[in-house]
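This report covers selected local features of one protein chain. The sequence and coordinates are shown first.

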Amino acid sequence: MSRSTAPDVGIITTGHDVADARLHKITAALQHRDLRVELWGLGDAAGGPAGATVHAGPRGNLVQRLARTAVLPWRTSAKVVMTVDPDMIPVTRFVTALRRRKLVVDVHEDYERLLADRAWAKGPAGLPARLIVRAGSKLAAGADLTVVADSHLAPHQAKHRLVVQNLPDHGFLAPSPPTGAPRAVYVGDLRTSRGLFDMVETVAAAPEWSLDLVGPVAPSDRDRIEARIAQPDLGGRVRLHGRQPPADAWRIAHGAWASLAMLQPTPAFIEAMPSKIYEYLASGLPVLSTRLPRQSKVIEESGGGVLVDSVAEASEILRRWAADPGELEKLRDHALQWASEHLPTTTPYDNLADAILYLLRGSASSKGRA
C-alpha cells in the first residue's frame, strides 16, 4: 500500500467481530472527518463498516488468537493504530513505538469483572488471562490516547484519557410504531448471564408474544437454547438472528412492541450501563428490565419502561401489555421524549474522532519539523 493511500486509522482486534456495533460507530465518526479507516477483525468482511477497508477471518482456537495478536500490529500501515483488546496492548505498544506511530487503546469493558463471569477464567487455568488483563490496563495508561467506555473503568490515570460512552448513533436506529402481533426484541450478546433463558421463559409464559434475539449466542449456551426454542410451547415464537451489523440489527427491531434487558447481577454488570437501554429508548421501544442499579435509574427517570424481579413478573407484564396496548403507547411516548432531551445527536464517538484527528495533525507536524 503506497503512502498516499495508506489508512489514517487502523483498528485491530483478535477478539471482536467486524460487525461489532462499537467498531461501526467509531468508524462512522472517523469517516465523517474524511479519515480512511482499515479494520482487522473476525467474522465476515461483508459485516464490517461500509467504506472501510475490512480484513476478517475465523475466530479459531487460542493458539491462532495468540498468533494473530503477535502479527496484526505489524499488518496495518495506518498512521494511528487502535486496539480494543487487552491482550493486544503489549505487542501493539511495542510496534507503534518502534514505527513511531500513534497508539489508541479502547477499554470498553471492565475486563477483570468480565472474567469473573466466565467459568473458564476461574482458578489456575484463568490466571494467564487475569495477568494479561492487569498488565494491559497498566500499559493502556501510556498510550497516546486511552479511551474508556465509562468513567469507572481503569485505568483512572493516563497520559490522555477520554471517556467515550456507548451512546446511540442515531444513524443506525430506525424508530417506528409497533406493528402486527405483539413482539419483543433483544439486541446484543446472548448468554445465560445476559438473561438469555430468562427472556425465552418470559415469552414462553406469554403466548401472545414472539421474540427476536439479535446477537451471537455463547457457544456454551448454543445447544441448550436451540433445544429449548424448538419445544412445542414456544412453537417458533423465538427467533435467533445471530450477529448483525448495527443497521441490520435495528431493522429487525423495526415495528417491535417492546424490548427486553434481563441481565443478571454479575460482577461485570452490576456497575455497567448497557448501551442497549439507550438504544431502546431512542427507538421508542418500551423496556422490560431487571433491577440493575444504573439501568434502573435511567428507566425510572425516563418513564420508558418497567422494572421486574422475576420471570413470572415479566411474563405477567407482557400479557397485560397484549391486553392493553395503551400502556405501551404511554411508555413509548415517554421513551422518545426522554431520548430527545438526553441523547444528543453529537455523540462521544465524535469526540473520539476529533481526538484522533488531533493525533494525526500532531504526527504530521512532528514529521514536518524533523
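The text below takes up a strand pairing, a surface patch and two backbone angles.

The model is predicted. Strand β9, residues 210–214, runs parallel to strand β10, residues 238–242, and 4 bridges join the two. One of the residues involved is V214, whose bridge partner in β10 is G242. Together with helix α7, which spans residues 219–229, β9 and β10 make a β-α-β unit, and this unit is right-handed.

On the surface, W74, F94 and L98 make a nonpolar patch of about 340 Å². Of these residues, W74 belongs to helix α2, which covers residues 62–75. W74 counts as partly exposed because its relative accessibility is 37%, between the limits of 20% and 50%.

Two loop residues have an unusual backbone angle. Most residues other than glycine have a negative phi. D34, which is not glycine, has a positive phi near 60 degrees. R100 is likewise a residue other than glycine with a positive phi, near 60 degrees. The table gives the place of each.

| Residue | Phi | Loop between | Relative accessibility |
|---|---|---|---|
| D34 | near 60 degrees | α1 (21–31) and β2 (37–42) | 69% |
| R100 | near 60 degrees | α3 (89–99) and β5 (102–107) | 75% |

Exposed means over 50% relative accessible area. D34 therefore counts as exposed at 69%, and R100 is exposed because its relative accessible area is 75%.

Key
Residues are numbered from 1 along each chain as its sequence is written. This is a predicted model: local features need pLDDT of at least 70, side-chain atom pairs count only at pLDDT 80 or more; totals for chains, interfaces and linings use all residues. Side-chain values use heavy atoms; hydrogens and water are left out. Two strands pair if DSSP finds at least two bridges between them. Helices (H or I, at least four residues) and strands (E, at least two) are DSSP runs, numbered from the N terminus. A crossover is right-handed if, with the strands pointing away from the viewer, the path from the first strand over the helix to the second runs clockwise. Patches are made of residues with over 30% relative accessible area and no salt bridge: like charges are joined within 9 Å, nonpolar side chains (Val, Leu, Ile, Met, Phe, Trp, Tyr) within 5 Å. Accessible areas come from the Shrake-Rupley method with a 1.4 Å probe; for residues, only the protein chains shown count as cover. A salt bridge is a side-chain nitrogen of Lys or Arg within 4 Å of a carboxyl oxygen of Asp or Glu. Buried means under 20% relative accessible area, exposed over 50%, partly exposed in between (1.4 Å probe, protein chains only).
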